[in-house]
Amino acid sequence: SYKIMRVVVLFDLPTSTKAERRAATQFRNFLLGDAFDMLQYSVYTRLCPNRDNAETHIARVRRNAPDIGSVRALYLTEHQFANMYILVGERTVQEAVSKPTQLAFF
C-alpha cells in the first residue's frame with residue numbers, strides 16, 4: 001500500500017571521550033546525509049513514500065548506529081505525525097514546510 005510515512009530516530013549517545021564524540025558526530029552526519037531533518041536535539045525525522053521504504057531506512061540507521069548509547073527508531077503515518085501535540089514551543093521549519101498531499105511521478 002502507498003501511504004506516506006515518517007521515520008523517527010531518537011538517540012542518546014555518550015560524549016565523554018573524544019572517540020564517543022566522534023562516533024556521535026558521525027552518526028548525526030549519517031542521518032543528515034540520509035535526508036533526515038532534525039526535529040529536536042537527538043530527534044530526527046525522514047519522510048518516506050511507504051512502509052517498505054521506511055523499513056529500508058530503519059535498517060540503514062541500524063547499520064550506522066554507534067555500538068554504545070541508545071538509538072531507537074519508529075515509523076508514523078504522516079497523519080499521525082501531523083497530529084502531534086506541541087506542548088511548549090512552535091512547529092519547526094521542517095514541519096511547516098513538509099505537508100505532502102500527493103506525489104507526482106514523471
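Which side chain does Arg60 meet in a salt bridge? Some notes from going through the model, which is a predicted one.

1. To take that opening question straight away: Arg60 pairs with Asp34, with 3.3 Å from N to O. Arg60 sits in helix α2 (residues 51–64), while Asp34 belongs to the loop between α1 (18–33) and β2 (37–40), so this contact ties together parts that are 26 residues apart in sequence. The two ends differ in exposure: Arg60 is partly exposed at 30% relative accessibility, whereas Asp34 is buried at 7%.

2. Counting up, there are three salt bridges in the structure. As background, side chains of opposite charge can pair when their charged atoms come close. The other two pairs get a point each below.

3. Next, Arg6 and Glu78. Their closest N and O atoms are 2.8 Å apart, and the pair forms a salt bridge. Arg6 comes from strand β1 (residues 5–12) and Glu78 from helix α3 (residues 78–82), so the bridge ties together parts that are 72 residues apart in sequence. Both partners fall under the 20% cut-off for buried: Arg6 has a relative accessibility of 3%, and Glu78 has 12%. If you're looking for this one on screen, start from strand β1 for Arg6 and helix α3 for Glu78.

4. Then Arg51 with Glu55, a salt bridge whose closest N and O atoms are 3.3 Å apart. Here the partners sit in one helix: they are four residues apart in α2, which puts about one helical turn between them. Neither end is buried, as the values lie between the 20% and 50% cut-offs. Arg51 is partly exposed with a relative accessible area of 43%, and Glu55 is partly exposed as well, at 37%. Helix α2 also carries Arg60 from point 1.

5. Now away from the charges. Which residues form a nonpolar patch on the surface? They are Tyr85, Leu87 and Val88, and together they have about 480 Å² of accessible area. Leu87, one of the three, is in the loop between α3 and α4 (93–97). With a relative accessible area of 78%, Leu87 is exposed, as that value is over the 50% cut-off.

6. To pull the charged pairs together: Arg6–Glu78 links strand β1 to helix α3, Arg60–Asp34 links helix α2 to the loop between α1 and β2, and Arg51–Glu55 stays within helix α2.

How values were computed
Residues numbered from 1 in each chain as written. Predicted model: local features only at pLDDT ≥ 70, side-chain atom pairs only at ≥ 80, totals over all residues. Heavy atoms only, no water. Salt bridge = Lys/Arg side-chain N within 4 Å of Asp/Glu carboxyl O. Helix = DSSP H or I, 4+ residues; strand = E, 2+ residues; numbered from the N terminus. Buried < 20%, exposed > 50% of the residue type's maximum accessible area, 1.4 Å probe, protein only. Patch = residues over 30% accessible without salt bridge, like charges linked within 9 Å, V, L, I, M, F, W, Y side chains within 5 Å. Areas by Shrake-Rupley, 256 points an atom, 1.4 Å probe, with all protein chains shown as cover.
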